[in-house]
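Subject: Structure for you to look at

Hi,

Here is the structure I promised you. Have it open while you read, and I'll walk you through what turned up.

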There are 2 protein chains.
Amino acid sequence: MRSWLAIDSDSDFSLDNIPFGIVSPLIKRGHWDDEPRAAVAIGEYILDLKKLFDYYYTQGKSGHAVNKFDHLFSCVIGYDTCKYGDVFTRSTLNDFASLGRAAHRQVREGIQVLLREDTPYPQVLKDDQLLRSTAICLRKDVEMHLPFAIGDYTDFYAGYHHAFAVGEMFRGAANAIQPNYNHLPVGYHGRASSIGVAACGSAAITRPVGQILLDPSAEVRKPTTAPSRKLDFELELGCFICVPPDQAGARVDVGEADEHIFGYVLLNDWSARDIQAWEYVPLGPFNSKNFATTISPWVVLADALEPFRAKGIPNQGPTPIQDYLKEDREESCFDIKLEVDLIAGDNATTICRTSSTNLMWSFPQMIAHHTLGGCALRSGDLLGSGTISGPNEGESGSLLELSRNGTKDVLLAGMESRTFLKDGDEVVLRGYCKSAAGVRVGFGECRGKVYPAK
Amino acid sequence: MRSWLAIDSDSDFSLDNIPFGIVSPLIKRGHWDDEPRAAVAIGEYILDLKKLFDYYYTQGKSGHAVNKFDHLFSCVIGYDTCKYGDVFTRSTLNDFASLGRAAHRQVREGIQVLLREDTPYPQVLKDDQLLRSTAICLRKDVEMHLPFAIGDYTDFYAGYHHAFAVGEMFRGAANAIQPNYNHLPVGYHGRASSIGVAACGSAAITRPVGQILLDPSAEVRKPTTAPSRKLDFELELGCFICVPPDQAGARVDVGEADEHIFGYVLLNDWSARDIQAWEYVPLGPFNSKNFATTISPWVVLADALEPFRAKGIPNQGPTPIQDYLKEDREESCFDIKLEVDLIAGDNATTICRTSSTNLMWSFPQMIAHHTLGGCALRSGDLLGSGTISGPNEGESGSLLELSRNGTKDVLLAGMESRTFLKDGDEVVLRGYCKSAAGVRVGFGECRGKVYPAK
Ligand SMILES: [Ca+2]
Ligand SMILES: [Ca+2]
Ligand SMILES: [Mg+2]
Ligand SMILES: [Mg+2]
Ligand code: NI
């Protein structure tokens, strides 16, 4: 698919992608519109869906406001009726998500039709210079916001090689994988208020202060309170949930869980390893995680990843998994190429290259498990995959693994090295899929920069 | 203080209390108003603050809407200006909470003045029969809602005797208390979507289905998926947070944490012990907790509990606590008498009597720790204390302790006994403070009933 907009062939935001986000467009130099609204990214541009909605919604001829916007999409994609109302004028994607997968598909396809070089509806956008100049602007001229009001955030632990490597580090290879790991997608409730995006450039991450046990071998354990010395990143995939109102609170079958997935983002679960080691017994990580979590601001719809399905890590547990976790489909993950850059001063080094096929549990399995006991998922809930690492050198999605808990230097460009993150370091996560035919669907960047402790 | 409303001397909702909640008043038999709004409870009655606001807000003489409501409170309590706007017309208390402690104090005192037998402003409410019949109704004629939109819910573990008893049960007395327990208020992020109130009567709790390891001693551990056989309650105190917008995201000093406490509720952290035992390694409880959490619907303001300050459990750790947790004040807890009734069939048995003085960490300490590393608290966030148990027989706030993990029958009235909860069982938490002079400030009931697994 080619667009009448100029799109680089290596852009993450191809016409095959059409990711959604919440933006504030620049009004004039240094001033942003104060009303965040929905948009899609396309190449170096964004299409402002509120502007598109306003333009068509208010064109009623009788003097009454009529919803020509819904009518427009009905015509463009050939459905009888589309009912989106004014969901794109809201400051989050929650209401759009709640319309369900069929609506997301309609809107994505409708936008693709409008943007295609050979669009059969050039009068709607392509040839309407007024609307184009109003609703389309450069991506660099918008400020990004959190795409959703996130009711609850759950972080899983489905990256098998990460779980193995960390387990081996602290318990040895024989006990690396806990007995429950092959039976259920282990996860914990994270802190929704910790989640942020980079408005532009990098998200600012303040190094957390916390309780640290400097000498764990002392007979009387005496912690100190200090800035974390072991600040780390975690390379994860995030999954945004959609739940139509009539399905609220229901248990979700693994085979139907796809219908509850709105889309995906990259997720950096910043972690303070020294705070974590002291606090996590017996109830799990707390202050070591709740200071910051950064996601990429553009949400790639589930449909856009469908062409890139792939098998995950086989579950080689000693006994079969429970029925409610069994999937008919073998290709229940995606092959998303993932990379991590660490920028120290002027030099960027790619310190990790891996793939999301390194997950042992799929998101449908996580959703089936999450809702098994009666836990209600809501539109806008965010699930993290857990750290994604490959089995080989240079494939680890955290410095904990790359530096073997600080015992080995990770070499960087410019004669630098790291065990954990220093103030001023910038971490950039990237992810993209590419088909044999050259179709590329990517996530853009998830970028955060470390600032000194306060 | 006596009121011109008839209030029982043993009512939890005395004129000294004035707890806040969100209600839907009954319009006619079987039909509730569909707009939840703020109210206070007073004896068997509620005072509808939206009705009070609407009545005075719209009485402007010039034809313009003027805020006589704020003016009213300014006069009633003698402040120059009160600015509440229309916070009481909202469907949650979040915006009221964000006004800060001084505003909560003004409104509580203003309402006390209006309701006093010797009110100097009888014309405002006492002698205005139209307003009285509009804004005051019986508590049994309203439906209750969640008082807040809860952004994040954190459950701590500050009940020393509970932590000791559970630790002793699984690790023996010598290792009952983990090394970090005396140094930091251990806590975990709970599931905000799990929290509910009883609209009227009891909250309906569906027994959760989950993975259970029936034979933990087997060489190959093979779980089954089944309804929990070890469904339990946990007696806790909940604390609602208030954060004025200008203080968003800041670290909170332990000495200033009171300013971030809106008020308190009773909290039942329903727990499935068999699901918990299998899932919780290494990231903490998940499906064993996220199916349901019930709070009492009326929030007792922090000011109402001030007269009942008391010392908690002394922290007898081997080394002093960190400076950021040190409190000047010795009486950093409250002496709230707590009781648990288990209703089986027609018989209610009080199975636990204890006090909130059994907490080793205070809520100000929990808040100071929670925000130490940069975690942002927001108005409407809920903190749970952790299970509150006393050291003696009959003082345990969970069946796990009362039945020693199912090995001992808990005897009930009517020849019944329990180890864990059966379908049909009802659990009622109660809590109240009483002064030597007979002043009573209580929480009403936190009530939930167990229904069969689906
Ligand atoms: Ca993680
Ligand atoms: Ca608890
Ligand atoms: Mg994090
Ligand atoms: Mg619970
Ligand atoms: Ni007309």
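Let's start with a sheet in chain A: it is open, has five strands, and runs in the order β10-β27-β26-β21-β22 with mixed pairing. Two of its strands, β10 (203–206) and β22 (347–355), stand at the edges with a single partner strand each, so one side of each has no neighbour in the sheet. On average, neighbouring strands here are turned by 25° against each other, direction ignored. Before you go on, keep in mind that this is a predicted model.

Inside that sheet, have a look at β21 (residues 337–344) and β26 (residues 426–434) of chain A. They run antiparallel and are joined by seven bridges. To find your way along the pair, pick A:Asp341, which stands opposite A:Val428 in β26(A).

Now hop over to chain B for some more strands. Here β3 (residues 37–42) and β4 (residues 45–48) pair in the antiparallel sense, over four bridges. The two form a hairpin with two residues between them, and B:Gly43 in the turn has a positive phi of about 55°. Across this pairing, B:Val40 has B:Leu47 of β4(B) as its bridge partner. β4(B) also pairs with strand β5 (residues 136–138) of chain B, again in the antiparallel sense, this time over three bridges. There, B:Ile46 stands opposite B:Cys137 in β5(B).

Next, the metals. Which protein donors does the magnesium ion called ligand 3 have? They are A:Asp269 (OD) and A:Lys289 (O), and they lie 2.3 to 2.7 Å from the ion. A:Asp269 sits in the loop between β15 (261–268) and β16 (271–272) of chain A, while A:Lys289 sits in the loop between α7 (273–279) and β17 (293–295) of chain A, so the pair ties together parts that are 20 residues apart in sequence. Are these two buried or exposed? The cut-off for buried is under 20% relative accessible area. A:Asp269 comes out at 1%, so it counts as buried, and A:Lys289 is buried too, at 7%.

Chain B has a magnesium site as well. For ligand 4, the protein donors are B:Asp269 (OD) and B:Lys289 (O), lying 2.3 to 2.7 Å from the ion. B:Asp269 is in the loop between β15 (261–268) and β16 (271–272) of chain B, and B:Lys289 is in the loop between α7 (273–279) and β17 (293–295) of chain B, so this pair ties together parts 20 residues apart in sequence. Both B:Asp269 and B:Lys289 are buried.

Last stop: a UniProt annotation. The unreviewed entry lists A:Tyr157, A:Arg171, A:Gln276, A:Tyr280 and A:Thr387 under "binding site". The lining of the largest pocket includes A:Tyr157, A:Arg171, A:Gln276, A:Tyr280 and A:Thr387.

Two of them are worth clicking on. A:Tyr157 lies in the loop between β7 (153–156) and α6 (160–171) of chain A, and with a relative accessible area of 16% it is buried. Leaving aside neighbours within four places in sequence, its contacts include A:His162, A:Tyr181 and A:Ser385, along with B:Pro282 and B:Leu283 from chain B. A:Gln276 has its place in helix α7 of chain A and is buried, with a relative accessible area of 16%. With neighbours within four places in sequence left out, A:Gln276 is in contact with A:Ser271, A:Pro285, A:Ser288 and A:Lys289. You've met A:Lys289 already, as a donor of the magnesium ion (ligand 3).

Happy exploring!

Note on methods. Residues are numbered from 1 along each chain as its sequence is written. Chains are lettered from A and ligands numbered from 1 in the order in which they are written. This is a predicted model: local features need pLDDT of at least 70, side-chain atom pairs count only at pLDDT 80 or more; totals for chains, interfaces and linings use all residues. Side-chain values use heavy atoms; hydrogens and water are left out. Donors are N, O and S atoms within 2.8 Å of the metal (3.2 Å for Na, K and Ca); water is not among the atoms, so sites may look incomplete. Buried means under 20% relative accessible area, exposed over 50%, partly exposed in between (1.4 Å probe, protein chains only). Two strands pair if DSSP finds at least two bridges between them. Axes are lines fitted to C-alpha atoms, for helices over the stretch in contact, and angles run from 0 to 180 degrees between N-to-C directions. UniProt positions are given in the numbering used here, feature names are shortened, and annotations may be inferred rather than shown by experiment. On a 1 Å grid over the protein atoms alone, a cavity is a set of points where a 1.4 Å probe fits but cannot get out, and a pocket is an open set with protein on both sides within 12 Å along at least five of seven lines; lining residues have an atom within 4 Å of a point. Contact means heavy atoms within 4.5 Å.
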